[in-house]
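Trainee: Could you take me through one part of this protein slowly? I would like a close look at the sheet, and then at how the rest fits around it.

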Amino acid sequence: MSNPPTVAILGGTGSLGGGLAARFSAAGCPLIVGSREAGKARLAIEEAGWNAEPATNEEAAARGDVVILTVPFAQQADLLRAIAPRLGDKLVIDTSVPLVPPKVAVVQLPPAGSAALTAREALGGAGRLVTAFHNVSAAKLRNGQPIGADVLVFGAVDDREEAVALIDRIGVRAVHGGPLENAVAAEAMTSVLIAINRRYKVADGAGVRVTGLADGEGG
Ligand SMILES: NC(=O)c1ccc[n+]([C@@H]2O[C@H](COP(=O)([O-])OP(=O)(O)OC[C@H]3O[C@@H](n4cnc5c(N)ncnc54)[C@H](OP(=O)(O)O)[C@@H]3O)[C@@H](O)[C@H]2O)c1
């Protein structure tokens, strides 16, 4: 396997960002944890014991080879517009799901049609955008146990290949889901999973598993 890229997680102090930071740190990937305040990122790194460097989100975007966005949907477009000038042709993995509190168990889509298409607009051609991790619980990523579910990845095929290989490094099966336009299906599925979690009292989060793939296939 080639040397791992430096991964920058924007909003890495949060639930999903923290779960991903735990996984990338454990996998030995060079890691930058981004926050609105570098001091908050430093504290999160120290408390969790990650092998990572703290930075502001903007610095992290500039320094990472791959940029992963894990901030609430309401902040997604503003942050992408702010970092766009620093991205060049970096791979950008957006995890945003367009949940609208308080009705997060109800599918509510944004004017652009999906969070993925909102992100594409906000980036205005900067970076190589894929979206992923919509249906994976932060708790499962954080506890280091097998996920038992798949991560669907959306975007241009070459960019998806790169993202799938990266996700493979953290012990999670990633499956090509097609172009960005398809991401709306996984985004909507998150609200379905939240409804399932509530109905069946699933503490660490229900997930999605693709059947019919050959053993070991997915990437
Ligand atoms: N949680 C999950 O299990 C999960 C699963 C799949 C997808 N997602 C998606 O991942 C994204 C992040 O979810 P999350 O649950 O991890 O969110 P979160 O913990 O509430 O927030 C993540 C980080 O975003 C930053 N942030 C919070 N409010 C902000 C604001 N007003 N302006 C700018 N930055 C702000 C904070 O970092 P700083 O204060 O350090 O800047 C925070 O630690 C969402 O789009 C969500 O739909 C989450």
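Mentor: Happily; we will begin with the sheet, dwell on one of its strands, and then move outward.

Please keep in mind that this is a predicted model. The protein has 8 helices and 8 strands. Now look for the open sheet: its 8 strands follow the order β3-β2-β1-β4-β5-β6-β7-β8, and their pairing is mixed. At the edges you find β3 (53-56) and β8 (174-178); each has a single partner strand, so one side of each is left without a neighbour in the sheet. If you compare neighbouring strands, they are turned by 25° against each other on average, direction ignored.

Let us stop at strand β4, residues 66-69. What covers its two faces? V66 and I68 lie on one side and V67 and L69 on the other, and all of them are buried. To count as buried, a residue needs 20 or more other C-beta atoms within 10 Å of its own, so keep that cut-off in mind for later.

Next, follow the partners of β4. Strand β1 (residues 7-10) runs parallel to β4 and is joined to it by 4 bridges. In that pairing, A8 stands opposite V67. Strand β5 also pairs with β4 in the parallel sense, over 4 bridges. Here I68 has I93 of β5 as its bridge partner. You can take one step further along the order: β5 (residues 91-94) and β6 (residues 128-131) run parallel too, joined by 4 bridges. Across that pairing, D94 stands opposite T131 in β6.

Now for the ligand. There are 23 residues around it, and G11, G14, S35, R36 and V97 come nearest. Two helices, α1 (15-26) and α4 (73-83), each supply at least two residues of this shell. Helix α1 gives the most, with 3 residues. By character, the shell divides into 9 nonpolar, 12 polar and 2 charged residues.

Two residues outside the sheet make a nice exercise with the burial cut-off. First, find D158 in helix α7, residues 157-168. It has 10 other C-beta atoms within 10 Å, and therefore D158 is exposed. Then find I196 in helix α8, residues 183-200. Because I196 has 16 C-beta neighbours inside 10 Å, it counts as partly exposed. Leaving aside residues up to four places away in sequence, I196 touches V202 and A206.

Distances add another view of these places. D158 and I196 are 38 residues apart along the chain, and their C-alpha atoms are separated by 34 Å. From I196 to A174, the separation is 22 residues in sequence and 22 Å in space, C-alpha to C-alpha.

Finally, step back to the whole protein. Its C-alpha trace spans about 40 × 35 × 35 Å along the principal axes. For 219 residues, a compact globule would have a radius of gyration near 17 Å; the protein has 16 Å, so the two agree. Of those 219 residues, 45% count as buried. And if you take the contacts with a separation of 6 or more, residues 24 or more positions apart account for 66% of them.

How values were computed. Residues are numbered from 1 along each chain as its sequence is written. This is a predicted model: local features need pLDDT of at least 70, side-chain atom pairs count only at pLDDT 80 or more; totals for chains, interfaces and linings use all residues. A residue is near a molecule or strand if its C-beta atom, placed from the backbone, lies within 6 Å of it. Ala, Val, Leu, Ile, Met, Phe, Trp, Tyr, Cys and Pro count as nonpolar, Asp, Glu, Lys and Arg as charged, and the others, Gly among them, as polar. A residue is buried if 20 or more other C-beta atoms lie within 10 Å of its own, exposed if 12 or fewer, and partly exposed in between; C-beta atoms are placed from the backbone. The radius of gyration is taken over C-alpha atoms; the globule rule is 2.2 Å times the number of residues to the power 0.38. Two residues are in contact if their C-beta atoms, placed from the backbone, lie within 7 Å. Two strands pair if DSSP finds at least two bridges between them. Axes are lines fitted to C-alpha atoms, for helices over the stretch in contact, and angles run from 0 to 180 degrees between N-to-C directions.
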